[in-house]
Amino acid sequence: MDKLVITGGRPLEGAVRISGAKNAALPAMAATLLAPGVHRLRNVPRLRDTQTFARVLELLGAKLSFEGNLLTIDTQGVNSVEAPYELVKTMRASIYVLAPLLARFGQARVSLPGGCAWGPRPVNLHLSGLQAMGAALEIESGYIVGRDVKLKGATIAFDVVSVGATVQLLMAAVLAEGTTVLENVALEPDVIALGEMLVASGARIAGLGTRRLTIHGVRALRPVDTEIIPDRIEAATFAAAAAMTGGNIRLEGVVPGHFEAPLGKLEEAGCVVQRSVDTVSVSGPPRPKAVNVVTQPFPGFPTDMQAQMIAVCAIAGGTSVVEDTIYLDRFTHVQELARMGARIELKGNVAVVTGVARLSGAQVMATDLRASASLVIAALAARGETVIDRIYHLDRGYETLEKKLGALGAEIRRVN
Ligand code: EPZ
């Protein structure tokens, strides 16, 4: 199993091009099922998760080819409505095929996503929304099964702001009979990008960028040629690496407004941040200052940066309080950072981080995607060598990370 070996202590210097966003590519790939034909998705990151989703689409009968970061998807030959447990259990987002299959074929058999290390991650809002649109869904042997479904417009107000449920119901509504109103929707850039892709394929959606969407169903959509937005979480992770190492990094090919909350917190911690149309330069301070963070749905501070921010706070001058309101139990990185000498006290969904002058290299284990990113940036700042095990988690969401960090001067290598 691959590991990363990192020797810390070098300030990162230089420019890095940010890849396409995993969390925008996955819904875009699912949405190609809605319009039989050949779709071209540009700037798709080559990740374990996009490969897994490609596998799901192939099993449904689609034809896919990757050329660099251009993904061509031909959905004319789709002839199955089953997404198997073997794949869905490895990536929850596979559930995104549910609404497109119901919309196109009136039937679907999609495995329920399994458990998650961070406590309950239900999909009740996905299912109750589809049921409100007339889909009679059964749970049979761990599968969500829909038969003879004719989706109809409905008004759905989400109790909780959910990226996944917004994506699911948006895809259900574009081909539904009549008008759907979705209230309290997610505003994440990935959701807006999906809405824009669907409009480009002929959908009628009003209110994109607001918490209320009105979708007038249409009879058919056409294939699209679209560009995946840059990955704001990857960009913010590199910005945090500049803060941890006292480095100077220019992030290229980004949309600054997509990660303003983390940038604001890094400025509070003492970073100097310069924003231009599609680049952001971040200079880290000699030592970060303590900051308090509360995660929120976009445009608030993203939970997907919580772990990386805890790593920054672990070497800050003073005590920081980091609260995750989205996932109450997303703290598996805390024990691993403690192995590197971090002083973090967990109280429910709140981490109280007392900064130390320097972390020390150690053998640690990645437990999920963003937890592994926090270990990588902690290792870049630590004294001595760190070995990070189980980096398959990292490969799910960061494209050629060690190559990009190496180009910024990091002492990092992958071993197996
Ligand atoms: C998306 O997950 C992202 N994944 C996650 O990023 C991210 O952490 C999350 O949004 C929050 O920003 C993808 O885009 C593929 P949610 P998702 O539905 O859609 C509750 C990463 O690191 N909820 O917005 O699964 C839920 O329990 C990944 O790239 C319900 O109660 O998240 C959570 O507390 C990890 N019922 C809250 O809503 C539901 O039916 C937000 O979840 C759905 C969600």
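**Notes on the ligand site and the cavities**

1. Let's start with the ligand. It has 23 residues around it, and those that come nearest are Asn124, Ser162, Val163, Asp304 and Ile326. Please keep in mind while reading that this is a predicted model.

2. Three side chains are worth a look for their polar atoms. Asp304 places a side-chain N or O atom 2.6 Å from an oxygen atom of the ligand. For Arg370, a polar side-chain atom lies 2.8 Å from a ligand oxygen, and for Lys22 the distance from a side-chain N or O atom to an oxygen atom of the ligand is 2.9 Å. As for cover, the ligand on its own has 820 Å² of accessible area, and the protein covers 85% of it.

3. Which elements give two or more residues to the shell around the ligand? They are α1, α5 (124-132), α6 (163-173) and α12. Helix α5 has the largest share, with three residues. Sorted by class, the shell comprises 12 nonpolar, six polar and five charged residues.

4. Now to the empty space inside. The structure holds four cavities of 30 Å³ or more. The largest cavity has about 50 Å³ of space, and the second largest has about 40 Å³.

5. The largest cavity is lined by Thr237, Phe238, Ala241, Ala373, Val376, Ile377, Leu380, Leu401 and Leu405. Two or more lining residues come from each of α8 (232-245), α12 (369-381) and α14 (401-407). Of the elements, α12 gives the most, with four residues. In this lining, eight residues are nonpolar, one is polar and none is charged.

6. What does the lining of the second largest cavity have by class? Six charged residues, two nonpolar and one polar. The residues in question are Ala21, Lys22, Asn23, Asp190, Asp231, Arg232, Ile233, Asp304 and Arg370. Helices α1 (22-31) and α8 each supply at least two of them.

7. One last pointer, tying the two topics together. Lys22, Asp304 and Arg370 are among the residues lining the second largest cavity. On the ligand side, Lys22 has a side-chain N or O atom 2.9 Å from a ligand oxygen, Asp304 has one at 2.6 Å, and Arg370 has a polar side-chain atom at 2.8 Å. Helix α12 is worth following too: it gives two or more residues to the ligand shell and four to the lining of the largest cavity.

Notes:
Residues are numbered from 1 along each chain as its sequence is written. This is a predicted model: local features need pLDDT of at least 70, side-chain atom pairs count only at pLDDT 80 or more; totals for chains, interfaces and linings use all residues. Side-chain values use heavy atoms; hydrogens and water are left out. On a 1 Å grid over the protein atoms alone, a cavity is a set of points where a 1.4 Å probe fits but cannot get out, and a pocket is an open set with protein on both sides within 12 Å along at least five of seven lines; lining residues have an atom within 4 Å of a point. Grid points are joined across faces, edges and corners, and a volume is the space filled by probe spheres set on the points. Ala, Val, Leu, Ile, Met, Phe, Trp, Tyr, Cys and Pro count as nonpolar, Asp, Glu, Lys and Arg as charged, and the others, Gly among them, as polar. A residue is near a molecule or strand if one of its heavy atoms lies within 4 Å of it. A polar contact is a pair of N or O atoms within 3.5 Å; within protein, one must be able to donate a hydrogen and the other to accept it, and residues adjacent in sequence count only if both atoms are side-chain atoms. Accessible areas come from the Shrake-Rupley method with a 1.4 Å probe; for residues, only the protein chains shown count as cover.
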